[in-house]
Amino acid sequence: CSSCCSGLTLFGSNFRRSCLGERSYWDAAYAAGRYQETYEWLQTTEELWPYIERGLGSGSSGSKVLHVGCGNSDLGRMVAVAGHRVVNVDYSSVIIDDMRRRHPEQEWLQADCADA
């Protein structure tokens, strides 16, 4: 892995030793079908939804939501269905292209937010 991840810690491990922080890892993994359909890190979108809905204002709509590191998560779809505007962002061009094909009604942006 490159030095771009130096000093980062993820779940008590040294992120630098893991290629999870590398765009090339994710492009290759998505292209190989390693994370099919949807992939959620720690909890499913359904498990998180009550907290997200509360944060967005239960029953309200029209919020603008930036979903950073979206991958192939179902979260953007659920937020959009609830009436909010979502911009799904990931640095993997492979998954952004795939998600654009799967869900053309949503907004998808390939970008590395760490460069902003």
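**Figure 1. The order of strands and helices along the chain is β-β-α-α-β-α-β-α-β.** This is a predicted model, and its tally comes to 4 helices and 5 strands. Of the 116 residues in the protein, 33% are buried. Looking just at contacts with a separation of 6 or more, 38% link residues 24 or more positions apart. On the outside, the protein exposes about 7,200 Å², with carbon and sulfur atoms supplying 51% of that area.

**Figure 2. Here helix H1 packs against helix H4.** H1 covers residues 23–31 and H4 covers residues 93–102. Their axes sit 7 Å apart at an angle of about 40 degrees. That angle falls outside the ranges for roughly parallel, roughly perpendicular and roughly antiparallel, so H1 and H4 count as oblique to each other. On the H1 side, the contact uses Asp27, Tyr30 and Ala31, while H4 brings Ser93, Val94 and Ile95. Sorted by class, that gives 4 nonpolar, 1 polar and 1 charged residues.

**Figure 3. Zooming in on the largest nonpolar core, we find 11 residues in all.** The members are Tyr25, Trp26, Ala29, Tyr30, Tyr35, Cys70, Tyr91, Ile95, Ile96, Met99 and Trp108. H1 and H4 each chip in at least two residues, and H1 gives the most, with 4. There's also a second, separate core of 7 residues, including Trp49, Val65, Leu75 and Val79.

**Figure 4. This one is all about Tyr91 and what it touches.** Leaving aside residues up to four places away in sequence, Tyr91 touches Leu20, Gly21, Glu22, Arg23 and Trp26, plus Gln110, Ala111 and Asp112. Trp26 is also a fellow member of the largest nonpolar core.

Note on methods:
Residues are numbered from 1 along each chain as its sequence is written. This is a predicted model: local features need pLDDT of at least 70, side-chain atom pairs count only at pLDDT 80 or more; totals for chains, interfaces and linings use all residues. Side-chain values use heavy atoms; hydrogens and water are left out. Buried means under 20% relative accessible area, exposed over 50%, partly exposed in between (1.4 Å probe, protein chains only). Contact means heavy atoms within 4.5 Å. Accessible areas come from the Shrake-Rupley method with a 1.4 Å probe; for residues, only the protein chains shown count as cover. Axes are lines fitted to C-alpha atoms, for helices over the stretch in contact, and angles run from 0 to 180 degrees between N-to-C directions. Angles under 35 degrees count as roughly parallel, over 145 as roughly antiparallel, 65 to 115 as roughly perpendicular and the rest as oblique. Ala, Val, Leu, Ile, Met, Phe, Trp, Tyr, Cys and Pro count as nonpolar, Asp, Glu, Lys and Arg as charged, and the others, Gly among them, as polar. A nonpolar core is a set of buried Ala, Val, Leu, Ile, Met, Phe, Trp, Tyr and Cys residues joined through side-chain atoms within 4.5 Å.
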